[in-house]
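Student: I have a model open and want to read its helix packing and its ligand site. Where do we start?

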Amino acid sequence: MKHPAVPLPHIGMRVIKTAVAVMVSYALFLPFGLTYREELGGILGQMGPLYACIACIICTQSTLGQTFRQGISRLIGVVVGGALGTATLLLGPALEHFWLKTLILGLVCVAGVWLCLLIKRPTACGMACILPCVILITGVTGVTRYYYAAARMIETIVGLLVALGVNAALPDHRPEGERGEIDMNVELKNTTRKLCVIGDPVGHSKSPLIQNTMLKALGLDYVYLCQPVPRGECKRWLDCAKFAGYAGFNATMPHKEELVPLMDELDGDARLIGAVNTVCLRDGKAYGYNTDGEGFLRSLADEGIDPAGKKVMVLGAGGASKAVCLKLAQAGAEVTVCNRTLDKARAICDHDPEHLHPAGFTPEELAREGGRCDLLVNCTSLGMTDAGGQFEDFSFLDRLRPGVPVVDLIYAPAETELLRQAKKRGHRTSNGLGLLVNQAVLSLEYFTQTAIDAAEMKKRIDAVL
Ligand code: ATR
């Protein structure tokens with residue numbers, strides 16, 4: 001049998017950036033003769049490019065933000081290791097005894113890594129902490145030890161600044177659209193419970209990254225996967241998921257409606273919206289929830305917006321719009337649903353004619369409704385990366401009263417043209433990240449029956465997206 005050829009590894013921009021950063025770091029030290037020379041004395045005599053180069057190798061990441069976060073971890077690690085090592089030296093004569101010194105060394109290393117775990121920075125921080133600690137205790141002696149510790153910190157700072165500078169100067173090696181596989185760095189045990197997102201297509205979904213980030217931060221023994229399920233195959237998938245012992249799954253396009261009649265029990269919002277995006281499997285039964293609408297209301301609350309009694313202009317009448325409109329109406333808002341296909345706006349409004357009113361999508365209608373509203377929410381796909389399509393003109397934004405917030409459900413790009421134009425006109429704006437995170441937190445609360453701190457999770461998710 002002929003085996004397919006193994007592809008050669010690809011040298012990407014991150015590798016090039018790392019190499020450039022290492023070269024710059026080295027070049028910063030060597031021409032000035034800063035290479036561990038005792039005759040120089042003090043900190044200068046202990047200085048060298050090694051720690052700066054290590055910082056460049058570890059900290060140069062795909063993006064500036066990631067490099068910064070990794071860099072801070074490494075810096076904290078070096079400071080923790082330096083402080084622990086220095087504190088250990090105060091033990092004085094105890095360190096003269098070989099076996100006692102060995103024992104102390106082990107204990108101090110454990111303490112250093114434990115401190116890094118305590119502040120939830122296990123990798124770069126833990127690694128960075130051990131070396132200065134070990135060398136302080138076992139290596140150089142006398143007052144030189146303290147110069148040594150200070151030199152490692154200075155070198156780390158130099159390396160980090162170089163890594164940040166190189167990252168800022170050279171392009172991000174993975175533009176959004178080209179991102180392929182994502183290493184979610186999950187830990188699996190034989191007790192790990194399975195969760196996933198189903199869709200068709202589903203490979204682009206951010207849910208695995210978001211959910212695995214939260215599961216890891218919360219220390220919950222679950223893994224979240226990505227499962228393509230063709231349209232019309234939800235029944236078969238549900239049987240498979242039950243058989244395979246899944247704890248639950250999320251659903252995205254085009255399964256949200258198809259799942260409704262397949263549930264053993266439906267919660268209020270899933271029934272109201274007529275769509276299920278979260279399924280919990282317990283004791284052979286399927287429980288269907290919809291977290292989109294509530295996630296949206298929570299994201300408004302995070303922005304300090306209370307929709308009760310407000311006039312809201314919603315653009316679009318697709319699935320996302322339906323969840324948003326029905327929950328806004330339930331929260332006491334008066335909503336105008338503006339859509340290119342008027343019948344789809346009418347169909348949503350039929351659910352609650354007292355609070356929901358249909359309208360068209362012509363420039364005149366948008367301008368008229370814009371002048372009346374207290375809040376504008378975009379639920380169309382206009383402005384979304386890869387979806388194509390853009391608003392033909394933004395003149396309706398000129399009609400918004402000052403201070404009217406503009407919300408876009410789109411999160412890629414982070415700032416759509418609509419939000420940019422609204423911001424230019426002095427309006428407060430927010431993108432769809434709040435909804436994405438809040439609906440994911442709600443889903444995870446249903447899956448794991450654990451209360452979750454959404455604000456803390458938002459910080460974690462912001463860091464990985
Ligand atoms: P989702 O499930 O995310 O809501 P959807 O159901 O495909 O996605 O809805 C997309 C929305 O964007 C619809 O309201 C769609 O309008 P139509 O109902 O008339 O199709 C709207 N939309 C997409 N492209 C548009 C365009 N070029 N101009 C105006 N509206 C557009």
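**Ligand contacts and helix packing**

Tutor: Start at the ligand, and keep in mind that this model is predicted. Thr-341 places a polar side-chain atom 2.5 Å from an oxygen atom of the ligand.

Student: Which other residue has a polar side-chain atom close to an oxygen atom of the ligand, at 2.9 Å?

Tutor: That is Arg-340. The backbone takes part as well: a polar backbone atom of Ser-381 is 3.3 Å from a ligand oxygen atom.

Student: Which residues come nearest to the ligand?

Tutor: There are 13 residues around it, and the nearest are Ala-317, Asn-339, Arg-340, Thr-341 and Lys-344.

Student: Now the helices. What describes a packed pair?

Tutor: Two things: the angle between the axes and the distance between them. Take α8 (residues 207-218) and α16 (residues 433-448): the angle is about 55 degrees and the axes are 10 Å apart. The two helices are therefore oblique to each other. Their crossing is right-handed.

Student: Which residues make that contact?

Tutor: α8 supplies Ile-210, Gln-211, Met-214, Leu-215 and Leu-218; α16 supplies Leu-436, Ala-440, Val-441, Ser-443 and Leu-444. By class, that is 8 nonpolar, 2 polar and no charged residues.

Student: At what angle do α11 and α12 pack?

Tutor: About 65 degrees, with axes 8 Å apart, for α11 (residues 292-302) and α12 (residues 319-330). This crossing is right-handed. From α11, Asp-292, Gly-293, Glu-294, Phe-296, Leu-297 and Leu-300 meet Ala-323, Val-324, Lys-327 and Leu-328 of α12. The classes here are 6 nonpolar, 1 polar and 3 charged residues.

Note on methods
Residues numbered from 1 in each chain as written. Predicted model: local features only at pLDDT ≥ 70, side-chain atom pairs only at ≥ 80, totals over all residues. Heavy atoms only, no water. Axes fitted to C-alpha atoms, helices over the stretch in contact; angles between N-to-C directions. Helix = DSSP H or I, 4+ residues; strand = E, 2+ residues; numbered from the N terminus. Left-handed = near helix turned anticlockwise from the far one by under 90°. Contact = heavy atoms within 4.5 Å. Nonpolar A, V, L, I, M, F, W, Y, C, P; charged D, E, K, R; others polar. Parallel < 35°, antiparallel > 145°, perpendicular 65-115°, else oblique. Near = heavy atom within 4 Å. Polar contact = N/O pair within 3.5 Å; in protein donor to acceptor, adjacent residues only side chain to side chain.
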